[in-house]
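Student: I should like to learn how to read the strands, turns and loops of a model. May we work through one together?

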Amino acid sequence: MKKLKSLAFRFVVYTTLLCMLFLSTALQSIASTNVKVYFNGKLMEFGTNSNDPPPYIKEGRTLIPFRRIFEALGMDVGWDPALRMVTAKGNDIEMTLYIGNKIAIVNGQEKELDVAAEITDGRTFVPLRFVSENCGAEVAWDDSTKSVYITLPENVPSSSGEPERKSLGEETTYEDLTFSFDEVVIKEVEGTNNNRIAIMGKTNLKNATLLLEVFDNYGNSKKTKAYAQPSESEPYDFWASLYMSKTFVPKYMVVMYQNQDGKYIEIAQYKF
């Protein structure tokens, strides 16, 4: 009987030690959720609602909600629940990541990840450094403050010095193009956590097209295009739209025009 009690005691001790080891490993795997992320010098805020979870560290790598990072990098994002696949397109880059898979596809080429994309508490997270660097950004890590610094180089030159700064309703003229942006309407998309942002204005050119980059106070942005709408006579209605999370509050917009060399140049800024 004493021998049985001794074996039972040892079993309990070993089981407890194994459980403690497992918990310790798990805690080291997801080491911290108190990670600060700075994009172009501005702190990205997280946790404003239940659909905006903060980034965390796993296996020494920072994982971040996929939509927040891709949209900050100016990418259009997609999610395929059947294939458990994240897609991002924009700025001549196409990227695909698969949940639980350490192979990503960037512009048709396979690239290996240090840590795979994953779903945590029902939200999809992607490796911050891999995504940012493959979108052309520079990434730095400050271990003392657990801070990540993402810098996306400015590759859109101004037409000539400082671009014109406008308020809604004011006209801008560049070469033979005259336009204005007059109204911004934000509406909730029913059944989602997104808003639809419609940007409306006028232009004198029938086939006018401009590239717009809309920013919030935290430096997050997304690009879209404004198109002149069909009409019998000028001025022609100018219209653009984009979908963003409800946490995104547009504050100003950079207006870009494609020159004869095919390059976009910044010609104006509109504040909302």
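Student: In which sense do strands β2 and β14 pair?

Tutor: Two strands count as paired if DSSP finds at least two bridges between them. Strands themselves are DSSP runs (E, at least two residues), and they are numbered from the N terminus. In this case β2 (residues 36-39) and β14 (residues 147-151) are parallel, with four bridges. One can locate the pairing at Tyr 38, whose bridge partner in β14 is Tyr 149.

Student: On what basis should I read such features?

Tutor: The model is predicted, so local features need pLDDT of at least 70, side-chain atom pairs count only at pLDDT 80 or more, and totals for chains, interfaces and linings use all residues. Residues are numbered from 1 along each chain as its sequence is written, and side-chain values use heavy atoms, with hydrogens and water left out.

Student: What is the order of the strands in the four-stranded sheet?

Tutor: The order is β3-β2-β14-β13, in an open sheet with mixed pairing. The edges are β3 (42-43) and β13 (138-142); each has a single partner strand, so one side of each lacks a neighbour in the sheet.

Student: Which strands stand at the edges of the nine-stranded sheet?

Tutor: That open sheet runs β15-β23-β22-β19-β20-β21-β18-β17-β16, again with mixed pairing. Its edge strands are β15 (164-167) and β16, each with a single partner strand, so one side of each is left without a neighbour in the sheet. At the β16 edge, four bridges join β16 to β17 in the antiparallel sense. Tyr 174 has Leu 177 in β17 as its bridge partner.

Student: How many residues lie between the strands of the hairpin of β6 and β7?

Tutor: There are four residues between β6 and β7, and Arg 84 in the turn has a positive phi of about 50°. The strands, β6 (residues 76-80) and β7 (residues 85-90), run antiparallel and share five bridges. Among the paired residues, Gly 78 is matched with Thr 87 in β7.

Student: Which residue takes a positive phi in the hairpin of β7 and β8?

Tutor: Asn 91 does, with a value near 55°, and two residues separate the strands of this hairpin. Six bridges link β7 with β8 (residues 93-98), also in the antiparallel sense. Ala 88 has Met 95 in β8 as its bridge partner.

Student: Where is Glu 59 found, and is this residue buried or exposed?

Tutor: Accessibility is read from relative accessible area: buried is under 20%, exposed is over 50%, and partly exposed lies in between (1.4 Å probe, protein chains only). Glu 59 is in the loop between β4 (56-58) and β5 (61-65). The residue is partly exposed at 48%, and its phi is positive, about 50°, although it is not a glycine. Glu 175 also has a positive phi, of about 55°, without being a glycine. Glu 175 sits in the loop between β16 (171-174) and β17 (177-188) and counts as exposed at 58%.

Student: Is Asn 220 buried or exposed?

Tutor: Asn 220, in the loop between β19 (209-215) and β20, is buried, with a relative accessible area of 6%. Contact means heavy atoms within 4.5 Å. Apart from neighbours within four places in sequence, Asn 220 contacts Met 44, Arg 68, Ala 72, Val 214, Phe 215 and Phe 248.

Student: Which peptide bond is cis?

Tutor: The bond from Glu 234 to Pro 235 is cis, with omega near 0°. Pro 235 belongs to the loop between β20 (221-228) and β21 (236-245).
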